[in-house]
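Please work through the exercises below with the sequence and the coordinates at hand, and try each task before reading its solution.

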Amino acid sequence: MKNQWLFFLKGIVTVRTSGRGSERFLNTLTRAGVSVWNVKAHGSQVLTFQMKLDDLPTLRQYARTADCKFEFVGRKGLPFMKKRMLRNSGFFFGAIAFLVVVILLSNMVWGIEIKGANPATEYKMEKELEKIGVKKGKLQFFIDTPEGIQRYLTENVNEITWVGVELKGTTYHLQVVEKNEPKKTELLSPQHLVAKKKGTIVGMFIEEGEAKAKINDFVKPGQLLVSGLIGNDEKKKIVPAKGEVLAETWYKANVTYPLEKKSNVYTGDQKVKHTLELGSLKIPLWGFGNIDFDHYVKEEDKRQVKFLKWELPIVMTKNIYREAEVMTQVFNEKEAILEAKKLARSKIKKQLDEDATIKGENVLHQSIENGKVTLSIHFQIIENIAEEQPIIQGDKE
Amino acid sequence: MAKKWGERLRSWMTKNMELPQDVMMDLPRITMIGQIHIYIENHRGLLGFSDKEVRLLLEHGQLLIKGNNFVIKTIMPEEILLQGTIEHVLFVAE
C-alpha cells in the first residue's frame with residue numbers, strides 16, 4: 001500500500017458512482033494513472049472509492065464520456081481541514097483571545113490599598129503612585145518592583161517615614177508610617193527627672209517640678225535633676241516633673257580611614273536585555289548582542305506571569321547591565337584626616353537623639369599606619385539628659 | 001497461425017530457459033494470503049464488482065473470485081489487491 005499519509009496531506013475524496021459503466025470507468029481511471037483504493041460495492045451498480053484530490057481533473061475529463069453518475073461523498077485531508085479551520089477560525093481566535101485577556105487581566109493592578117495614612121497623605125501618595133504608573137488597570141510588567149516603589153515613595157512623600165509595599169496577587173498593599181502621628185496624650189504619673197548620663201548642665205527648661213540642680217553643675221547618671229515633690233513641708237504636692245535639661249556630655253570616637261579607597265563607580269552606560277523564560281527555555285525578546293563592558297554590575301528583575309491565581313512557569317526577565325569602573329581614590333594625609341573626622345561625626349550622630357548638637361571636637365590621638373589614618377576624637381555634645389523616674393507612692397512616707 | 005507459433009516459442013523458451021512464466025506468457029500471477037487477501041498481477045481490467053463477486057479480464061479468459069465483503073484495496077492498470085473472505089477462485093474460459 002502506498003503511503004496514506006502523503007495522500008492525506010494532499011487531500012482525499014470519496015467518490016460514489018452509480019450506473020452500469022462503473023467498473024469500466026474504474027478501468028479507464030486506473031489506466032489513466034489515477035490511483036484508486038478502497039473500492040467498495042453497495043448493492044448493485046453502486047461503487048464507492050477513494051482517490052486523490054489532485055486527480056480530480058482527470059476524473060472530470062473521463063466522466064463526460066462514462067455512462068455512470070458521480071457524487072462526492074467524503075472529503076478528507078489537510079486541504080479540507082484547512083478550509084474547515086478557516087471557517088471555524090472564529091472559535092479558535094476566540095479561545096486564544098480569551099486566554100490572552102485572562103492572562104492580561106491576571107497581570108493587571110486591580111487595587112491599591114493604603115493603610116495607616118490619613119486621607120491627605122493617602123491622596124498625596126496616590127498622586128505620586130500615579131506619576132510612576134501605579135494605577136488601577138496598569139500592567140504589572142511595566143511597573144517598578146515593590147522595592148522601587150517603596151524607595152520612590154519614601155523619597156518623594158515627605159509626610160511618611162516608612163512605607164511597606166507588598167504585591168499580593170493583583171493588589172498593592174501599602175503600609176504607611178507617618179511622621180506626624182497624632183501624639184498620644186501621655187498620662188503622666190508622678191515622676192522625677194534624673195540624669196541618664198554624666199555631664200555639665202548648660203540649660204534647664206522646666207515645665208513642672210522643682211529644680212534640684214543648677215546650671216554648670218556636674219551631674220552623674222541617676223542624679224536627681226527635677227523633683228516631682230513640690231511645696232514646703234506643710235503643703236506637699238506630688239506632680240509629674242516635666243522639662244528639658246540640656247547638658248554638655250562627652251563622647252569618644254575611634255575611626256580609621258584608608259588613604260586609598262577603591263569603589264565601584266557607574267559610568268552611566270547600561271544595556272538592558274528582556275528575556276521571556278518558558279521553564280528552562282530562554283527566548284530573548286529585546287536587547288541582543290554581547291555585553292562589551294569590562295566591569296559591570298548585573299541587576300535582575302523577574303516577573304512571573306500569572307494566570308488567575310496560579311503562577312505560570314513563564315517569567316519576564318529584565319536584566320540591566322550597568323557598566324562600572326573601579327575607581328581608586330587616593331587621599332593625602334590632610335584629606336584623609338578630614339574624611340575620618342566626617343566619618344566620626346556621622347558615627348556619633350547615629351548614637352544621639354535628633355535634637356543633640358555637636359559643640360566641639362578635639363583630636364586626642366592621630367596616627368598613620370599601614371596606609372590608614374587612625375583617629376581618636378573627643379566630642380562635646382549638647383543634649384537632653386533628663387530621664388523620667390516614676391515616684392512610687394510608698395516612697396512618700 | 002503466426003500467433004500460435006509465437007506462443008509455442010514462448011512456451012518452449014520458458015521451459016528450456018527457466019524464465020518465469022507469467023512474464024513470458026502474459027499469465028496472471030495470483031498471490032493469496034489465507035482467505036483474506038488476493039493479489040492479482042497482470043490482469044486486463046475489471047469487468048464486474050460487487051461485495052460477493054469480482055470478475056477480472058485476463059489475457060485469455062476471465063478470473064472469477066467469489067466470497068464475501070469484498071473491498072478493492074488498490075487497483076492499478078495491471079494489478080489489483082482484493083480484501084475480503086475469499087471462497088472460490090475460478091478461471092473461466094472464453
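Two exercises follow, each with a worked solution.

The model is predicted, so local features need pLDDT of at least 70 and side-chain atom pairs count only at pLDDT 80 or more, while totals for chains, interfaces and linings use all residues. Residues are numbered from 1 along each chain as its sequence is written, and chains are lettered from A and ligands numbered from 1 in the order in which they are written.

**Exercise 1.** Determine which strands stand at the edges of the open four-stranded sheet in chain A.

Solution. Begin with the strand order, which is β10-β12-β8-β22 in chain A, with antiparallel pairing; strands are DSSP runs of E with at least two residues, numbered from the N terminus, and two of them pair if DSSP finds at least two bridges between them. The edges are β10 (210-211) and β22 (386-390) of chain A, and because each has a single partner strand, one side of each is left without a neighbour in the sheet. For β10(A), two antiparallel bridges lead to β12 (residues 224-227) of chain A, where A:V226 is the bridge partner of A:A211.

**Exercise 2.** Identify which element of chain B gives the most to the side that touches chain A.

Solution. Count first the contacts (C-beta atoms, placed from the backbone, within 7 Å): 15 residues of chain B meet 14 residues of chain A. Elements giving two or more residues to this side of chain B are β3 (46-49) and β5 (62-76), and β5(B) gives the most, with seven residues. Finally, β5(B) runs antiparallel to β2 (residues 36-41) of chain A, joined by four bridges, with A:K40 opposite B:V71.
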